Amino acid sequence: MKLPLVSAFLKTLPRYKESTDGRQCVVKCHFCGDSTKSDTGHLSIKIDVDEGEGLLFKCFRADCQHKGILTSSILQDMGCNDLDTLLELAGYNKTINKSIEKGFNVKTNRNYQLVNLSISDNKKKLDYINQRLGTNFTTEDLRRFKIQLGLYEFLRVNYINKLAFDKKYCDIIDEWTISFLSMYSDYLICRDISSKEFLGKKYTMYRISGKPNPTDMKLYCIPTEISLLDPNPAEINVAEGAFSIIGAYLYGGYGKTEPNSLWLANCGSEYLNTILHVIKQYGFLDIRLNIWSDSEIGLKKYEKLLKELNGRLHLSSMDVLYNEADNDFGHPKDHISTKKISLI
Ligand SMILES: [Zn+2]
């Protein structure tokens with residue numbers, strides 16, 4: 001069985017040649033750039049597959065040896081921009097195993113417990129959140145939003161003895177920050193809420209255990225249900241800060257109840273990295289993008305972002321939302337007046 005659109009795309013690649021039985025093809029290897037000496041392609045791809053079998057590929061150059069199962073994200077890297085072709089492959093791969101299309105570097109979530117004990121420090125922090133967002137959260141509600149009030153109680157409950165910073169610094173984090181558990185549960189994103197910014201910056205990234213890696217994603221994400229099988233475009237909502245995205249989620253008046261919507265806070269990362277990372281991780285092919293902007297950031301920045309995203313993914317819509325009543329969306333409902341500007 002062949003995937004007609006995928007097969008047709010592969011035929012357009014340089015050095016394409018089919019095996020005599022038509023079950024394999026070779027193309028120029030885009031992982032290593034292939035040999036410059038010959039005109040033969042070295043990346044072999046299985047194109048005629050049996051049911052349940054992936055489109056395996058392997059480069060036969062000794063210094064490359066790249067191999068795996070062809071996914072829509074690899075096909076995109078090879079230059080395929082046609083949505084139907086990508087969907088054909090993604091759809092087929094899902095019949096083999098749902099996890100294939102999530103990519104090979106899928107990070108697994110750790111299973112840390114969040115606890116928010118009812119002690120006086122926590123009470124003050126909870127009041128801060130409720131005042132800031134105009135909510136009535138209990139410590140139980142915080143679990144749903146992956147919010148942790150105290151550093152030390154978190155470490156204690158999860159049997160983590162080693163501190164990521166020296167004790168004095170951790171004391172300040174414990175006393176003066178509210179933490180948001182990162183997307184892959186490997187960081188606490190600690191937001192300084194002291195009036196004097198004792199930590200010297202808004203966010204401190206606390207690596208929960210193990211060694212930090214420069215490629216770690218320190219994003220905050222409100223837990224929602226994502227289904228890759230949903231034919232509608234996924235909705236990605238991004239704000240700069242964690243409080244802002246929670247405010248947008250609660251009061252922004254759109255999307256919250258829609259299936260397949262993601263709610264993310266950059267917490268210091270660039271919008272471009274955040275968005276590209278997430279579409280790759282989830283294998284989204286078609287998205288609607290909503291940016292819940294800080295008021296001080298002009299539209300120019302997002303027009304530039306749109307240019308950078310175009311051609312790398314399919315955007316069904318892109319809206320920039322401003323809160324005309326305050327600096328961002330991290331405020332009570334009566335402090336939110338949303339103005340929407342559609343870029344697509
Ligand atoms: Zn190669």
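Biologist: How many residues of domain 2 are in contact with how many residues of domain 3?

Modeller: The model is predicted: local features need pLDDT of at least 70, side-chain atom pairs count only at pLDDT 80 or more, and totals for chains, interfaces and linings use all residues. Residues are numbered from 1 along each chain as its sequence is written. Two residues are in contact if their C-beta atoms, placed from the backbone, lie within 7 Å. On that criterion, the residues in contact are 11 of domain 2 and 14 of domain 3.

Biologist: Which elements give two or more residues to the side of domain 2 that touches domain 3?

Modeller: The bounds, from an automatic or database domain assignment, are 120-207 for domain 2 and 220-342 for domain 3. Elements are DSSP runs numbered from the N terminus: helices are H or I with at least four residues, strands are E with at least two. The elements that contribute two or more residues to this side of domain 2 are α4 (120-133) and β8 (187-192).

Biologist: How many nonpolar residues has the side of domain 2 that touches domain 3?

Modeller: Ala, Val, Leu, Ile, Met, Phe, Trp, Tyr, Cys and Pro count as nonpolar, Asp, Glu, Lys and Arg as charged, and the others, Gly among them, as polar. On this side of domain 2, three residues are charged and two are polar, while the number of nonpolar residues is six.

Biologist: Which helix gives the most to the largest nonpolar core?

Modeller: A nonpolar core is a set of buried Ala, Val, Leu, Ile, Met, Phe, Trp, Tyr and Cys residues joined through C-beta atoms within 7 Å. The largest holds 79 residues, and Ala-242 and Ile-245 are among the six that touch the most other members. Beyond four places in sequence, the contacts of Ile-245 include Leu-264 and Trp-292. With seven residues, the helix that gives the most to this core is α8 (residues 242-251).

Biologist: Which are the edge strands of the open sheet of six strands?

Modeller: Strands pair if DSSP finds at least two bridges between them. The order is β10-β12-β11-β13-β14-β15, with mixed pairing. Strands that pair on one side only are the edge strands, here β10 (220-222) and β15 (338-342).

Biologist: Which residue in β12 stands opposite Cys-221?

Modeller: Three bridges join β10 to β12 (residues 261-265), and these two strands run antiparallel. The residue of β12 opposite Cys-221 is Leu-264.

Biologist: What angle does the direction of helix α9 make with that of β11?

Modeller: Axes are lines fitted to C-alpha atoms, for helices over the stretch in contact, and angles run from 0 to 180 degrees between N-to-C directions. Helix α9 (residues 271-282) packs on the sheet and touches β11 (234-239), β12 and β13 (286-293). Its direction and that of β11 make an angle of about 150°.

Biologist: Is Asp-34 buried or exposed?

Modeller: Asp-34 lies in the loop between β2 (24-27) and β3 (43-46), with a positive phi near 65°. A residue is buried if 20 or more other C-beta atoms, placed from the backbone, lie within 10 Å of its own, exposed if 12 or fewer, and partly exposed in between. Because Asp-34 has 22 C-beta neighbours inside 10 Å, it counts as buried.

Biologist: Is Tyr-159 buried or exposed?

Modeller: Tyr-159 is in the loop between α6 (151-157) and α7 (167-176), and its phi is also positive, near 55°. Most residues other than glycine have a negative phi. Since 8 other C-beta atoms lie within 10 Å, Tyr-159 is exposed.
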